[in-house]
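Visitor: I would like a close look at one part of this structure, the open sheet and what packs on it. Please also set that part within its chain and its contact with the partner chain.

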Amino acid sequence: MALQSLDIKRRSATAGITPPPGVRQPVEVAKLIDVTTCIGCKACQVACSEWNDIRDDIGINHGVYDNPIDLTSKSWTVMRFSEVEENGKLEWLIRKDGCMHCADPGCLKACPSPGAIVQYHNGIVDFHEENCIGCGYCVSGCPFNIPRIDKQDQKAYKCTLCSDRVAVGQEPACVKTCPTGAIQFGAKEDMKQVAQERLKDLNNRGYKNAGLYDPEGVGGTHVMYVLQHADKPELYHGLPNNPSISPTVKLWKGLLKPLATFGIAAATLAGFFHYVTVGPNRAEEEEAEVIGKEGDILKREEDA
Amino acid sequence: MKERLIQRYTRAERINHWVVAICFVLLAISGLAFFYPAFFWLTGVFGTPQLARIIHPFVGLIMFIGFMVQFFRYWRYNFIDKEDVKWMKSVPEVLNGHEVGDTGKYNGGQKGMFWLMTACMLVLLPTGLIAWRAYFSEYFPIPAIRLALLFHAWAALVLIAGIIVHVYAAIWVKGTIRAMVEGVVTQTWAKKHHPRWYREVMGKAKAEAETGGKNPPKS
């Protein structure tokens, strides 16, 4: 048994009254991405691909720096480049996109397959593809549009926050490779401290709205951004302002279940008790009564 | 005394009904497994959960086509008339085993069920296609897929509850299952539960017999 499997906080399609193994309680971790020091070199994309042994298909140039143009089942992180005008000057905002490892993960909520998605006590949300059935519910559950279904094996893939490396005390591959130190990794509390230092610096440089992106709507994330314009996260290639699990998904995975259980159970029980109280509805044959072998009077000929 | 029978459903109608019914059972098993984590094991009926995921939408297509054939067979018998309204207003009486109204081929409950099932099917098909990850989902925005999944589940659960009522009604009203298994009902059954239909069928048969037409109803 891998030690990792002893620190599972939540497991997809598994009721809370039958919790997964969780005696190990490691410290909550986080990856801090300082967008303001990122130079867009894409070394993190390469490191991700190297460590995880995934090689995406060679794509085409779309006329922008984004390459590949979107996340895929084989590109778990991509740099998003946005050219915006802020404070009267052009700004080139570069955001490393990938799984945010939400404390309240929409993918896990939506997943119908027990154990296909797990959340470790350290905060990492991991897909266990051997249990994945390829339904794509995680794709619709995610508030950040992260999971991708592979065209060949029909399994969902995304950033693991290098759970395999973290489990043995190493930092994720992207963190290790980042040449400017824009990506840092450690205990979530420590990362918040680091972020505060950066924010002080940014404030001094005139970025009054600089802030830490750790959205409350999803219970906080285990990938956090330092943003120079934290008041307008949409500037960063559509980073959602107030992400949360969609009410549609909540209705589907929440209210509908007990309602449906009640409806189906009511229909079944009503039928059953109707039958044992009112009894069957027979159309009696209009025919002469006949005398049975025992001399009793029978209503129908077949009964004789 | 020999039972006097009337044909209610032809061979083609029976095959049609049971193809749809078998599809429904397979879809309900796999669908409930995807909906309720506690029933996920039901995917084992299909071999593996992955196979259940692959098979479900194809079976859904067959059910939709089969149901549409049924729809065009029966829609004209399912317009709700005054007698049906009378029936629907007297459900408690009906449930106590008393017939209400001069019922034609279908009673108010059956007609209501017909339109309910039709509505469910019309929701299930497009939402199912939108949620069909392997072929179609990528062409739709995520909020649309979310709505599709929600309405697909809703329609399916309404349909399942409806089918429970449908099956129970067939079990409760003795002599009904025979209509869809052997294709016939007794004339007594018809006279009691569908008097207007009974008169129509018998009248037509008599007229045909007089003009030397086709066979009178089976007897």
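Guide: What follows starts with the sheet and then moves outward to the chain and to the contact between chains. The model is a predicted one, and local features are described only where pLDDT is at least 70.

The part you ask about is an open sheet of 4 strands in chain A, in which the strands lie in the order β9-β2-β11-β10 and the pairing is mixed. At the edges of this sheet stand β9 (183–187) and β10 (211–213) of chain A, and because each has a single partner strand, one side of each is left without a neighbour in the sheet. From one strand to the next, the twist averages 25°.

Within the sheet, strand β2 (residues 29–34) of chain A runs parallel to strand β11 (residues 223–227) of chain A, and 4 bridges join the two. If you wish to find this pairing on the display, Asp34(A) has Val226(A) in β11(A) as its bridge partner. Packed on the sheet is helix α6 (residues 188–204) of chain A, which touches β2, β9, β10 and β11 of chain A, and whose direction makes about 135° with that of β9(A). As a general point for anyone tracing side chains here, those of a regular strand alternate between the two faces of the sheet.

Another pairing in chain A can be set beside this one. Strand β3 (residues 78–86) of chain A and strand β4 (residues 89–97) of chain A pair in the antiparallel sense, over 9 bridges, and Phe81(A) has Ile94(A) in β4(A) as its bridge partner. β3(A) and β4(A) form a hairpin with 2 residues between them, and in the turn Asn87(A) has a positive phi of about 50°.

These elements belong to a chain whose secondary structure comes to 7 helices and 13 strands. The radius of gyration of chain A is 29 Å, well over the 19 Å that the globule rule gives for 304 residues, and chain A is therefore more spread out than a compact globule. In keeping with the topic of overall extent, the C-alpha trace of chain A spans about 110 × 50 × 40 Å along its principal axes. Buried residues account for 41% of the 304 residues in chain A, and among contacts between residues at least 6 apart in sequence, 59% join residues at least 24 apart.

Turning to the partner, the contact takes 40 residues from chain A and 37 residues from chain B. On the side of chain A that touches chain B, α3 (137–141) and α7 of chain A each supply at least two residues, and the largest share, 14 residues, comes from α7(A). By class, that side of chain A has 19 nonpolar, 14 polar and 7 charged residues.

Helix α7 (residues 247–277) of chain A packs with helix α6 (residues 142–172) of chain B at an angle of about 0°, and their axes are 10 Å apart. An angle under 35 degrees counts as roughly parallel, and α7(A) is therefore roughly parallel to α6(B). The residues of the contact of α7(A) with α6(B) divide into 20 nonpolar, 4 polar and 1 charged.

Conventions:
Residues are numbered from 1 along each chain as its sequence is written. Chains are lettered from A and ligands numbered from 1 in the order in which they are written. This is a predicted model: local features need pLDDT of at least 70, side-chain atom pairs count only at pLDDT 80 or more; totals for chains, interfaces and linings use all residues. Two strands pair if DSSP finds at least two bridges between them. Axes are lines fitted to C-alpha atoms, for helices over the stretch in contact, and angles run from 0 to 180 degrees between N-to-C directions. Two residues are in contact if their C-beta atoms, placed from the backbone, lie within 7 Å. The radius of gyration is taken over C-alpha atoms; the globule rule is 2.2 Å times the number of residues to the power 0.38. A residue is buried if 20 or more other C-beta atoms lie within 10 Å of its own, exposed if 12 or fewer, and partly exposed in between; C-beta atoms are placed from the backbone. Angles under 35 degrees count as roughly parallel, over 145 as roughly antiparallel, 65 to 115 as roughly perpendicular and the rest as oblique. Ala, Val, Leu, Ile, Met, Phe, Trp, Tyr, Cys and Pro count as nonpolar, Asp, Glu, Lys and Arg as charged, and the others, Gly among them, as polar.
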